[in-house]
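Here are a few exercises to try with the model open on your screen. Have a go at each task before you read its solution.

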Amino acid sequence: MRRLRFALVFAVALGVFASSQGSAQPVTGPTQWLERATVDRPDDNPGFNVHVVDVLLRGNVDHRLDGGKIQRSVLAADQWIYLHSRDNQGNGLSINWDTYQGRLDVSLLRLTETQDQLFAAKGYPPDRIGQKLAQAGFNKANTVYVLVIDTGSPYVPVPYLGLADWPPTVPGFPGHVTAMEICSAACVNELSADNPEPDLVLVHEVFHALGLVPSCAAHQSNGHVTDDPKDLMFVGGYTDPSTANLDIGHDDYLYRPGCPGLESSPYVAYGAYAVLDLAADGTGSGAVRTGGGACVTGPCSFAVPRGLIVLTAIPDGDSVFKSWNGACSGSSPTCTIAVSGNISVRATFGLRTVLPKWRLKVRTAGKGGRIRVTSVKMRCVVMANGCSFPSGTRVTLKEILSKGWHFVRWSGSPGCSTKPTCVVAVTANRTVTATFAANKK
Ligand SMILES: [Zn+2]
């Protein structure tokens with residue numbers, strides 16, 4: 001049976017842009033995440049940015065979503081977007097997130113309103129928060145602000161609620177917002193084996209904030225599509241994160257000729273990642289890791305940062321890693337690749353060679369002696385069922401005489417004959433008999 005568990009998260013790199021030129025290089029290698037700040041730090045990219053704000057309403061628990069959680073969640077979402085927005089040449093799109101020195105610039109906004117007050121007040125909650133955001137100095141032109149509200153939502157029967165303006169308000173207009181997700185800390189979705197999908201609610205709302213689904217789309221209805229429940233922008237809500245996709249058929253908001261979609265947005269970046277296709281073969285099974293993250297069954301595709309990545313093959317308990325094929329080669333379980341374009345890698349796992357086991361039984365004929373096993377500490381050899389050994393094990397048997405008896409011979413073990421000590425090579429199921437005889441009176 002061929003199976004492959006993948007565990008991938010690219011903790012080595014926040015694959016976002018840090019250039020002002022559009023032909024940006026992805027940022028690699030931050031080892032520390034930026035703590036959230038109450039001010040907007042200088043933007044790496046002075047162009048169009050999507051800026052993430054951690055919003056704390058009065059009375060809500062601060063789950064400290066900075067310290068990497070939001071950043072990793074956004075990175076996972078960004079890589080998901082890339083993977084699901086590939087064009088005919090296999091190149092995807094990602095979002096121009098606001099970064100500072102190569103790392104996601106997450107801001108903190110503390111509000112004096114409680115969550116109940118926010119929703120009880122007149123007006124659209126994202127707009128109300130947008131006003132406060134502008135007062136706090138977050139009011140850049142060409143910036144879309146995405147709010148993550150850190151608590152469960154009591155207003156809907158699910159633990160999150162996404163809201164966004166559609167059509168979007170004009171960026172740069174005081175108090176404009178944008179997109180908002182209200183959720184428990186659990187919706188900030190770092191990838192793991194238990195949690196293989198990123199925070200797609202956030203992606204859905206960000207897309208609204210970027211103007212999707214445009215009114216020129218074939219199946220458009222108030223910023224959603226009506227044609228396929230697998231579509232992330234489906235009007236009734238996409239049904240299953242594991243099968244969610246973007247503009248199935250490319251007739252609504254992605255690569256549709258004559259209708260500017262995601263690919264036309266100034267908030268979109270090209271070339272931030274490459275696609276790694278992973279597959280496994282062979283008789284064994286295992287995982288390929290490069291940091292964390294997940295794809296439970298293979299083959300899998302991942303958006304990976306360009307630059308150096310390290311893949312590690314981890315065989316399951318009954319398997320051994322054999323070799324790489326494709327962009328990796330050789331039989332070392334670790335492979336370092338310089339990623340500059342889409343690549344595919346195949347890992348071959350074999351089953352661990354298990355020596356067959358054979359059963360050795362030892363019997364005595366005549367009541368005048370016993371057998372002692374000296375090479376292994378196993379009394380079971382002389383018990384009824386004997387005991388089993390890996391093929392080739394050598395077991396030493398020694399006769400012990402009782403008074404009035406003498407040893408005659410071994411049988412069942414070639415070469416032992418009349419020697420007092422018999423070394424049995426266990427290469428087949430074997431019963432060895434020691435024969436004793438009474439001394440003549
Ligand atoms: Zn929507």
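The expected span of a helix is 1.5 Å times one less than its number of residues. Helices (H or I, at least four residues) and strands (E, at least two) are DSSP runs, numbered from the N terminus. Residue numbers start from 1 along each chain as its sequence is written. The model is predicted, and local features need pLDDT of at least 70, side-chain atom pairs count only at pLDDT 80 or more, and totals for chains, interfaces and linings use all residues.

**Exercise 1. Check the length of helix 1, then its surroundings.**

Step one: helix 1 covers residues 69-84, 16 residues in all, so at 1.5 Å a residue it should span 22 Å. Step two: its end C-alpha atoms sit 23 Å apart, which agrees.

Step three: look at burial. A residue counts as buried if 20 or more other C-beta atoms lie within 10 Å of its own, exposed if 12 or fewer, and partly exposed in between, with C-beta atoms placed from the backbone. In helix 1, 16 of 16 residues are buried. For the protein, buried residues make up 41% of the 441 residues.

**Exercise 2. Work out which side chains of strand 25 are buried, and find its partners.**

Step one: go along strand 25 (residues 421-426), where the side chains alternate. Cys 422, Val 424 and Val 426 point to one face and are buried, while Thr 421, Val 423 and Ala 425 point to the other and are not.

Step two: find the neighbour. Strands of a sheet pair through backbone hydrogen bonds, either parallel or antiparallel. Here, two strands pair if DSSP finds at least two bridges between them. Strand 23 (residues 393-401) runs antiparallel to strand 25, with six bridges joining them.

Step three: match residues across. Leu 397 faces Cys 422 in strand 25, and Thr 396 stands opposite Val 423.

Step four: carry on to strand 21 (residues 369-373), which is antiparallel to strand 23 over five bridges. Val 373 stands opposite Leu 397 there.

**Exercise 3. Trace the open sheet that contains strand 26.**

Step one: read the order of its four strands, 22-20-26-24, with mixed pairing. Step two: spot the edges, strand 22 (387-390) and strand 24 (405-411), each pairing on one side only.

Step three: zoom in on one pair. Strand 24 and strand 26 (residues 430-438) are antiparallel, with six bridges. Across this pair, Arg 409 stands opposite Thr 435.
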